[in-house]
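The exercises below are to be worked with the sequence and the coordinates at hand. Each task is followed by a solution in steps.

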Amino acid sequence: MDVDDVEQSLLQQFSCMGTTDKDVLISQLQKIVGNQLNESTASFFLDMNNWNLQAAVCSYFDFESPNKLPAMAFIKDVTIGEGESVPPSTRFTKTWRIQNSGDESWPPGCCLRFTHGDQLCAPDRVLVDALDPKHCTDISVEMVSPQEAGIYQSKWRMSTATGTFFGEIIWVILTVAEGGTLAVTQQLCHLSELGSQPRNEESSLNPFGTLSPTAVATSLSPFQESVQQQDGDTNMTC
């Protein structure tokens, strides 16, 4: 019996399932998926799907599938949040934070792919390192805002190396306006990452005196460096 015959047989059985008799539905589910399914397990899948036979069959085969897809949850927009805008024809960095919400590590070769909407960058995919369960990572894509003011939407999804999508949908919702300040803010942030000037080891500061603004900024630099190092961690536990 070929695949078409099997599909036709299943459709015929589904079409005959106008009954609400639970014993009959259990018997039919066992017949479709195989008699190795006992009554209690068949009852579980049917009850989970409100005693819909077709939905119960799909749930069973999804559960038994040996090739389970990775899991991914969207955590937040790191850049370009609500109320932020970008000037026209301006280069900027869009960053999302995502999590491996499953119980297994991601396989190698996963990537974030553009799937629909306004493509705001030349590459349509970005490789993502394998992520351990319950860990987070930040994914950044270099983009350029359109020339015309307005609201633009871009849809992205995680994909396995074989091209199968998984996880939640990720969006870029971009407001382009002449007075947008996001690009300037990101440029200032990049400048701060260059680091502060080296501290003078032979300091003559009076420990009991009032610190000048320069001294305060210098004394805080180790803390700032620590914070920057923490922010730079892209593989983190959520």
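Is Ser89 buried, partly exposed or exposed, and what is its relative accessible area?

**Solution 1.** The model is a predicted one. Start with the position: Ser89 sits in the loop between β1 (73-77) and β2 (91-99). Next take the area: the relative accessible area of Ser89 is 47%. Buried requires a value under 20% and exposed a value over 50%. Ser89, at 47%, is therefore partly exposed. Finally check the backbone: Ser89 is not a glycine, and its phi is positive, near 50°.

**Exercise 2.** Find the residues with a positive phi at and after the end of α3, and describe their setting.

**Solution 2.** Begin with the expectation: most residues other than glycine have a negative phi. Just after α3, Asn50 has a positive phi of about 55°. Trp51, which is not a glycine, also has a positive phi, about 60°. Trp51 belongs to the loop between α3 and α4 (53-64). The relative accessible area of Trp51 is 19%, so Trp51 counts as buried.

**Exercise 3.** Which residues of α3 are buried, and how are they arranged around the helix axis?

**Solution 3.** Helix α3 covers residues 39-48, and Ala42, Phe45 and Leu46 are buried in it. Viewed down the axis of α3, these buried residues lie within an arc of 100°, so they line one face of the helix. The general rule is that an α-helix has 3.6 residues a turn, so residues three or four places apart point the same way.

**Exercise 4.** Describe how α2 and α3 pack, giving the distance, the angle and the residues in contact.

**Solution 4.** Two packed helices are described by the angle between their axes and the distance between the axes. For α2 (residues 22-33) and α3, the axes come within 9 Å and cross at roughly 105°. Angles from 65 to 115 degrees count as roughly perpendicular. The two helices α2 and α3 are therefore roughly perpendicular to each other. On the α2 side the contact is made by Leu25, Ile26, Leu29 and Gln30. On the α3 side it is made by Glu39, Ala42, Ser43, Phe45 and Leu46. Ala42, Phe45 and Leu46 are also the buried residues of α3.

**Exercise 5.** Work out the surroundings of Ile139 and Leu127, and classify each as buried or exposed.

**Solution 5.** Ile139 lies in strand β5 (residues 135-144). Its relative accessibility is 5%, so Ile139 counts as buried. Leaving out residues up to four places away in sequence, Ile139 touches Lys94, Thr95, Trp96, Ile98, Leu112, Val126, Val128 and Met158. One of these partners, Val126, is 13 residues away along the chain, with a C-alpha separation of 8.3 Å from Ile139.

Leu127 lies in strand β4 (residues 125-127). With a relative accessible area of 71%, Leu127 is exposed. Beyond four places in sequence, Leu127 is in contact with Gly109, Cys110 and Cys111. The C-alpha atoms of Leu127 and Ile139 are 9.1 Å apart, and the two residues are 12 residues apart in sequence.

**Exercise 6.** Is His116 buried or exposed, and which residues does it touch?

**Solution 6.** His116 is part of strand β3 (residues 111-117). Its relative accessibility of 54% means that His116 counts as exposed. Residues up to four places away in sequence aside, His116 touches Ser154 and Lys155. From His116 to Arg157 the C-alpha distance is 9.6 Å, across 41 residues in sequence.

**Exercise 7.** Summarise the protein chain as a whole, and state where the model calls for caution.

**Solution 7.** The protein chain has seven helices and eight strands. Of its 238 residues, 33% count as buried. Its accessible surface is about 15600 Å², and carbon and sulfur atoms account for 51% of that. Among contacts with a separation of 6 or more, 66% join residues 24 or more positions apart.

Now turn to confidence. The average pLDDT of the protein chain is 75, and 66% of the residues score at least 70. Over residues 198-232 the pLDDT is below 50, and this stretch has eight contacts in the model beyond near neighbours in sequence. Where pLDDT is low, the predicted coordinates should not be read in detail.

Key. Residues are numbered from 1 along each chain as its sequence is written. This is a predicted model: local features need pLDDT of at least 70, side-chain atom pairs count only at pLDDT 80 or more; totals for chains, interfaces and linings use all residues. Side-chain values use heavy atoms; hydrogens and water are left out. Buried means under 20% relative accessible area, exposed over 50%, partly exposed in between (1.4 Å probe, protein chains only). Helices (H or I, at least four residues) and strands (E, at least two) are DSSP runs, numbered from the N terminus. The arc is that of the directions from the helix axis to the C-beta atoms. pLDDT is the predictor's confidence in each residue, from 0 to 100. Contact means heavy atoms within 4.5 Å. Accessible areas come from the Shrake-Rupley method with a 1.4 Å probe; for residues, only the protein chains shown count as cover. Axes are lines fitted to C-alpha atoms, for helices over the stretch in contact, and angles run from 0 to 180 degrees between N-to-C directions. Angles under 35 degrees count as roughly parallel, over 145 as roughly antiparallel, 65 to 115 as roughly perpendicular and the rest as oblique.
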